[in-house]
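Visitor: Please take a close look at a single part of this model, and then follow it outward into its surroundings. I would like one connected account.

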Amino acid sequence: MKKTLYIKNMVCPRCKNVVNAVMQKFDLQVTDIQLGEVEVLANENINLIELNELLKNEGFELIFDREKQVVEKIKAYLLEYLEKIEFLNVKLSDYLATKTDLNYTYLSKIFSTIENTTIEKYFILLKIEKVKELLSYQELSLSEISYQLAYSSVQALSNQFKKITGITVSEFKEQANKNRKSLDDLH
């Protein structure tokens, strides 16, 4: 029998690999793995408490609450949207509604209640962390980063960066410690 497990803090491909390894350690056969969820072949007798402890040791956690599961899916879709943003011609709200098959107003309400911030504010924090990441690599110009992340201009990116971080892009580039946040620590 297939069972879907919802997992908090799965935010990248490496996370999927770690969760997959935990499932194998627990003798569960993974049939599908996506950000935020794993489908396994299992009988009714999975010791979820023990599995959750193994996941917690790796920085993850099982999610049992339906609304929290929806929030984790939203976060996964926000990351997906961010990676494709320069190629997409669809509003964020429409993208999330389509991906989840749920009304955006409902998604927004649940997200705000659980995360104490709006989807839009959370997405801006994601974008700023992506800007920090790209700046740290020193491979793209600010203009290229601005284009890749669908900012209307370099000035718009710079203004938002300063508003969120409290420092300018130039000041960030000069810092030895780039002070980036883990994606699961964004609020």
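**A loop residue and its surroundings**

Guide: Alanine 150 is partly exposed, its relative accessible area being 41%, a value that falls between the limits of 20% for buried and 50% for exposed. The model is a predicted one, and the description that follows should be read with that in mind. Alanine 150 sits in the loop between helix 7 and helix 8, and its backbone deserves attention, for its phi is near 60°, a positive value in a residue that is not glycine. Most residues other than glycine have a negative phi.

A second residue can be set beside it. Glutamine 138, which is not a glycine, has a positive phi of about 55°, and its place is the loop between helix 6 and helix 7. With a relative accessible area of 65%, glutamine 138 is exposed, because that value lies over the 50% limit, whereas alanine 150 at 41% is partly exposed.

From these loops one can turn to the helices they join. The largest nonpolar core comprises 33 residues, and Leu78, Leu96, Ile119 and Phe161 are those with the most contacts inside it. Helix 6 (119–137), helix 7 (142–148) and helix 8 (154–165) each give two or more residues to this core, and among the other elements that do so are helix 3 (66–84), helix 4 (92–100) and helix 5 (104–115). In soluble globular proteins, nonpolar side chains tend to be buried together. Isoleucine 119 shows how the core is put together: leaving aside residues up to four places away in sequence, it touches Ile74, Leu78, Leu92, Leu96, Tyr104, Leu107, Ser108 and Phe111. A second core, separate from this one, has 19 residues, including Cys15, Ile46, Leu51 and Leu55.

The cysteine named there leads to another point. Cysteine 15 counts as buried, because its relative accessibility is 4%, but the structure holds zero disulfides. For cysteine 12, which is in no disulfide, the nearest cysteine sulfur is that of cysteine 15, 3.1 Å away. Since a disulfide is counted when two cysteine sulfur atoms lie within 2.5 Å, the separation of 3.1 Å leaves cysteine 15 unpaired with its nearest neighbour of this kind, cysteine 12.

Charged side chains complete the picture, and here the helices come up again. The whole structure contains nine salt bridges. In helix 6, glutamate 133 and lysine 130 lie three residues apart, about one turn of the helix, and their side chains meet in a salt bridge at 3.7 Å, N to O. Both glutamate 133 and lysine 130 are buried.

Helix 3 offers further cases. Lysine 75 and glutamate 72 form a salt bridge with an N to O distance of 3.6 Å; because they are three residues apart in helix 3, about one helical turn separates them. Lysine 75 is buried at 10% relative accessibility, and glutamate 72 is buried at 7%. This pair belongs to a network of salt bridges linking Glu72, Lys75 and Glu115. Lysine 84 and glutamate 80 are joined by a salt bridge of 3.9 Å, N to O, and, being four residues apart in helix 3, they too are separated by about one helical turn. Lysine 84 is partly exposed at 37% relative accessibility, and glutamate 80 is partly exposed with a relative accessible area of 25%.

Note on methods
Residues are numbered from 1 along each chain as its sequence is written. This is a predicted model: local features need pLDDT of at least 70, side-chain atom pairs count only at pLDDT 80 or more; totals for chains, interfaces and linings use all residues. Side-chain values use heavy atoms; hydrogens and water are left out. Buried means under 20% relative accessible area, exposed over 50%, partly exposed in between (1.4 Å probe, protein chains only). A nonpolar core is a set of buried Ala, Val, Leu, Ile, Met, Phe, Trp, Tyr and Cys residues joined through side-chain atoms within 4.5 Å. Contact means heavy atoms within 4.5 Å. A salt bridge is a side-chain nitrogen of Lys or Arg within 4 Å of a carboxyl oxygen of Asp or Glu.
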